[in-house]
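Welcome, and please open your viewer. We will go from stop to stop, selecting a few residues each time and saying what is there.

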Amino acid sequence: MNDAKENWLIKDIQKDTIPGISLLKAAEELLIDKNGTDVIVAVIDMPISIDHKALKYNIWKNTNEIAGNHIDDDQNGYIDDIHGWNFIGNSKNENIIFMHYEFTRFLIPEKMGLPLRPELASQLPRAQKVYNERMEYAEENLLGVKKMDSFYYSTKNTLSKLFHDKIIIDSKLDSLSLSNPELQEAIKLHRMYQDENIDDSYVNNKMLMAKERLGIQLNLDYDDRAIIGDDVNNLNDRDYGNGNVSHNTEILTHGTKMAGIIVSSFGEESLQDIMKHIKIMPLPISGLGGENDKDMALAIRYAADNGADIINISSGKYFSLHEDWVHDAIKYAESKDVLIVVSSGNVGIDLDGEPKYRYPNDNSHTGHTEISNNFMRIGTSNYALDSTFVHPATNYGKTEVDIFAPGEEIYTATSIKNEDYAYGSGTSEAAAVVSKSAAIIKSYFPKLKAHQIKDIVLKTGVQYNIEVSMKDSLDNRIKIPFNELSKTGSVVNVYNALVLAESLTKNSSN
């Protein structure tokens, strides 16, 4: 990415000729003399590094709870939930990193000789097919990672033996190479690893993930709720979890990235007073694998009960054992005036196709009718005004996807070891951009209801008359008009949304 595209998502198509959300223009022209109010955005995701320098001043605090006294002071059902609640741990602070894929969970009852619920049984062949494909990938991946591991540690051992304290000194490698030509290949590999930020931690994590993909995520005999100890099929069994919302963030990095996008000022002083009002409520439900519907449903309810204005869900899956629980939670959030923003997914498929397998969703069981009016699903746009205007893997759908938002090469906080910031791309990033946009609208127009903010966002997107390259059902590349990819056919625009929000607010007060 060149310098002109740096932080492109906040820029304006007319002023900068870059198809961002016009946030910088809104700050400088619409919000400069206005005061915002605090807005709470619940991030239902992986754990979040709440002490990260980009996040620590934007983390929600439950002021009705006293830290560390092991008492449910506010009587909300959660003990010591100072900054949110971790749904993938227990009271001993033992926490999950790896969990089953949802398609693995589909196959476990059959292996145990237990019948799957009749309404789900028809999905078993699909689950088995995906499981077999993932198993084949996992076995091949483990072989590849073992090879990488061998090369990496062989290279490290070869070079470290040449130094007295076995610590490689890069400045001396050239002279060693000249005196010993056999070392040239090892030095070449060592420098390649450095250029690509490959170190012990990276290699060890890759090996751990490759092994646990087989040992846990795809293992039909493994109990991935053993640490938690709950009845996963009983929504009323809620006595689990803990207040540690920041565990294992070096490997579970996704939540930190999403929170970073939602609160970032992107180095612009004019945005700092705006973004300080957004408070992140971390609600970890995701490890490496697939989120559990029970955790999703309870996290949505926690957010709704504890003051969240917006819920960001930058995740999803293509199987769901308890879709009804999540639907009930979405409707509960609607009753509490909470807006939910969800990513559309990164498989590059048309979600309007039948049957509809993308969760969570707000579809009724009879078709594309929405069960609520507080739910938005987001696709990913790019900064290039050509056939690559959308992310190549974004899911789309004239009915199922509401609107698109910038999600390509977004600079954000990260919890990866030895890094503070990194670029990310996908519908996860796009959903976080929309949550950010909705939070700004709510901050400056706090009387607006969730359904009004949704309506404003969808009505004020910018249209682009571009044909984009997408995949059809046979995986062939085809050209589709951008305005056919979503319900609105547009890209979110904060400037336009704030103009309409102000107009509606003035009209309602007259």
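By the rule used here, the count comes to 2 cavities of 30 Å³ or more. Keep in mind on the whole tour that this is a predicted model.

**Stop 1: the largest cavity**

Select E291, N292, D293, M296, G316, K317, S320, E323, V326, Y359, P360 and N361, which line the largest cavity. The volume of this cavity is about 90 Å³. Now colour two helices, α11 (293-305) and α12 (323-335): each supplies at least two residues of the lining of the largest cavity. If you colour the lining by class, you will find 4 nonpolar, 4 polar and 4 charged residues.

Stay with this selection and zoom in on two of its members, Y359 and P360. What kind of peptide bond joins Y359 and P360? The bond is cis, with omega about 0 degrees. To place P360 in the chain, show β4 (339-343) and β5 (375-381), since P360 is found in the loop between them.

**Stop 2: the second largest cavity**

Next, select D309, I310, D337, K442, A450 and I453, the lining of the second largest cavity. Its volume is about 30 Å³. By class, the lining of the second largest cavity divides into 3 nonpolar and 3 charged residues, with no polar ones.

**Stop 3: a pocket**

Move on to the second largest pocket, where about 570 Å³ of space lies. Of the 24 residues that line this pocket, select R105, I108, P109, V232 and N233, the closest to its centre. Which helix gives the most to the lining of the second largest pocket? It is α3 (residues 102-111), with 4 residues. Coloured by class, the pocket lining shows 11 nonpolar, 4 polar and 9 charged residues.

**Stop 4: salt bridges**

The structure holds 23 salt bridges, and we will visit a few of them. Keep R105 selected and add E102: these two form a salt bridge, with the closest N and O atoms 2.4 Å apart. Both residues lie in helix α3, 3 residues apart, which is about one turn of the helix. Are they buried or exposed? E102 has a relative accessible area of 4%, so it is buried. R105 is at 9% relative accessibility and therefore counts as buried too. The cut-off behind both steps is that buried means under 20% relative accessible area.

Now select R225 and D230, whose side chains meet in a salt bridge of 3.0 Å, N to O. R225 is buried, and so is D230.

For another pair, select D455 and K459: their side chains meet in a salt bridge of 3.1 Å, N to O. D455 and K459 both lie in helix α14 (residues 450-459), 4 residues apart, about one turn of the helix. D455 counts as partly exposed because its relative accessibility is 35%. K459 is at 59%, so it counts as exposed.

Before leaving this stop, select E102, R105, D224, D293 and K317 together: salt bridges that share partners join them into one network. You have met D293 and K317 already, in the lining of the largest cavity.

**Stop 5: two positive phi angles**

Select T17, in the loop between α1 (13-16) and α2 (23-29). Its phi is near 55 degrees, a positive value in a residue other than glycine. With 58% relative accessibility, T17 counts as exposed.

Then select F266, which lies in the loop between α9 (254-263) and α10 (269-275). F266 is not a glycine, yet has a positive phi of about 50 degrees. Is F266 buried or exposed? Its relative accessible area is 8%, so F266 is buried.

**Stop 6: a surface patch**

Turn to the surface and select Y411, Y421 and Y423, which make a nonpolar patch of about 260 Å². Y411 sits in strand β7 (residues 410-413). Its relative accessible area is 31%, so Y411 is partly exposed.

**Last stop: a long distance**

Finally, select E185, in helix α7 (residues 184-195). E185 is partly exposed, at 47% relative accessibility. Add D295 and draw a line from C-alpha to C-alpha: the two are 49 Å apart in space and 110 residues apart in sequence.

Methods
Residues are numbered from 1 along each chain as its sequence is written. This is a predicted model: local features need pLDDT of at least 70, side-chain atom pairs count only at pLDDT 80 or more; totals for chains, interfaces and linings use all residues. Side-chain values use heavy atoms; hydrogens and water are left out. Patches are made of residues with over 30% relative accessible area and no salt bridge: like charges are joined within 9 Å, nonpolar side chains (Val, Leu, Ile, Met, Phe, Trp, Tyr) within 5 Å. Accessible areas come from the Shrake-Rupley method with a 1.4 Å probe; for residues, only the protein chains shown count as cover. A salt bridge is a side-chain nitrogen of Lys or Arg within 4 Å of a carboxyl oxygen of Asp or Glu. Buried means under 20% relative accessible area, exposed over 50%, partly exposed in between (1.4 Å probe, protein chains only). On a 1 Å grid over the protein atoms alone, a cavity is a set of points where a 1.4 Å probe fits but cannot get out, and a pocket is an open set with protein on both sides within 12 Å along at least five of seven lines; lining residues have an atom within 4 Å of a point. Grid points are joined across faces, edges and corners, and a volume is the space filled by probe spheres set on the points. Ala, Val, Leu, Ile, Met, Phe, Trp, Tyr, Cys and Pro count as nonpolar, Asp, Glu, Lys and Arg as charged, and the others, Gly among them, as polar.
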